[in-house]
Structure formats: structure tokens, C-alpha cells
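Biologist: I'm new to this structure and would like a close look at a single part of it. Could you pick one strand and walk me through its surroundings?

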Amino acid sequence: MENIVLIGMPAAGKSTAGVVLAKVLGYQFLDADLLIQEKEGRLLAEIIREEGTEKFLEIENRVNAGIKADKSVIATGGSVVYGKEAMGHLQEIGTVVYLKLPFQVLERRLHNIKGRGVALPKGQTLRELFEERAALYEAYADIIVDEDGLDVEGTIEKIVEQLKIAHDF
């Protein structure tokens with residue numbers, strides 16, 4: 001089973017780049033956040049509001065740890081890296097690609113953080129969340145793609161280039 005698993009902060013472009021990357025590679029596309037919403041029957045923001053951040057992370061971990069896919073590009077939620085079982089499973093079934101963006105770019109893109117369903121614990125700033133997660137993304141990544149200054153096409157070219165180097169793709 002060879003999949004491409006995209007990780008990174010919310011608004012890093014995992015879903016946007018993932019759809020195009022799947023087309024380029026002739027793969028399926030799977031959005032883990034949509035899978036969670038489908039299984040739970042509600043939006044991510046509703047789950048977080050109704051259940052709290054911790055319960056949401058448990059649900060996200062369970063759903064991601066159960067993903068069955070082959071020849072798919074899987075776009076994960078930004079908080080997937082908090083789930084050890086999920087990340088262990090995703091590393092087993094695919095190549096993990098971290099889409100890395102500078103904090104300033106993310107801050108600009110993330111106007112409506114609550115509406116996006118971002119698991120931001122009470123009292124934590126976006127900067128603190130960014131720094132905490134960046135270390136986890138780097139630890140789990142097989143490939144790191146720095147998106148600074150790139151558009152979607154540039155990001156996809158860089159991903160494909162790195163995959164070729166890593167796997168003779």
C-alpha cells in the first residue's frame with residue numbers, strides 16, 4: 001500500500017494541493033477531516049464546540065488510525081500529529097509529507113480559526129500552537145516541502161520532485 005500523507009498546519013494547503021497531486025499521480029484523494037465529519041455526522045467546529053478539544057483529538061486519532069487506502073493522497077487535519085496511533089498507521093501505509101509554511105503566511109491565511117475547526121486549546125496562541133506542532137510535523141515527516149513563496153503548482157512540483165528522490169517515483 002503506497003499512499004502520500006500530507007501533514008501541516010491548517011491553511012498550509014494540504015487539501016488544495018492534495019486534490020491536484022492526486023490527479024497528477026493518478027491516485028485517489030482522501031480528506032481525513034471530511035472522513036471525520038462523515039463518521040461523526042457533524043462539522044469539525046461543532047465537534048470541538050460540543051465535545052471539547054481533547055475529545056476531538058481522540059476522535060481524530062481513532063478515525064485516522066482506521067484509514068484504509070491504496071494509491072491515495074491523504075490530506076490530514078493539522079492536529080493529526082497529536083495521535084500516536086494515527087501517525088503510526090499513516091507512516092505504515094504511506095510516505096508522510098510535511099507542507100511547511102512560515103508563521104507569517106499562516107497567520108495571514110487563518111482569519112477565521114474557530115470556523116475552520118482548528119483544535120486550539122484555551123489560552124494557547126496561534127504562535128505557540130505553530131511552534132508546538134512544527135516539531136511534531138518534522139519528527140513524523142519522511143519529506144519536508146518548504147512552501148515559502150510557492151503557489152499550488154510550485155508546491156506540487158516540489159512534492160513530486162522529492163518523492164522521485166525518495167522513492168524512484
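Modeller: Sure, and one term comes up straight away: two strands count as paired if DSSP finds at least two bridges between them. Keep in mind that this is a predicted model.

Let's take strand E1, which covers residues 3-7. With strand E4 (residues 94-100), E1 pairs in the parallel sense, and the pairing runs over five bridges. E1 also pairs with strand E3 (residues 72-75), again in the parallel sense, over three bridges. A handy residue for finding your way around is Ile4. In E4, Ile4 stands opposite Thr95, while in E3 its bridge partner is Val73.

Now, how much of E1 is tucked away? Buried here means under 20% relative accessible area. Five of the five residues of E1 are buried, so the strand is largely enclosed by the rest of the structure. You can check that face by face: one side has Asn3, Val5 and Ile7, the other has Ile4 and Leu6, and all of these are buried. In other words, both faces of E1 are covered.

For contrast, have a look at the surface. Val19, Val20, Val24 and Val152 make a nonpolar patch there of about 260 Å². Helix H1 (residues 14-25) gives the patch its largest share, three residues. Val152 lies in another element, helix H8 (residues 152-167). With a relative accessible area of 30%, Val152 is partly exposed, whereas Ile4 back in E1 is buried.

Methods. Residues numbered from 1 in each chain as written. Predicted model: local features only at pLDDT ≥ 70, side-chain atom pairs only at ≥ 80, totals over all residues. Heavy atoms only, no water. Patch = residues over 30% accessible without salt bridge, like charges linked within 9 Å, V, L, I, M, F, W, Y side chains within 5 Å. Areas by Shrake-Rupley, 256 points an atom, 1.4 Å probe, with all protein chains shown as cover. Salt bridge = Lys/Arg side-chain N within 4 Å of Asp/Glu carboxyl O. Helix = DSSP H or I, 4+ residues; strand = E, 2+ residues; numbered from the N terminus. Buried < 20%, exposed > 50% of the residue type's maximum accessible area, 1.4 Å probe, protein only.
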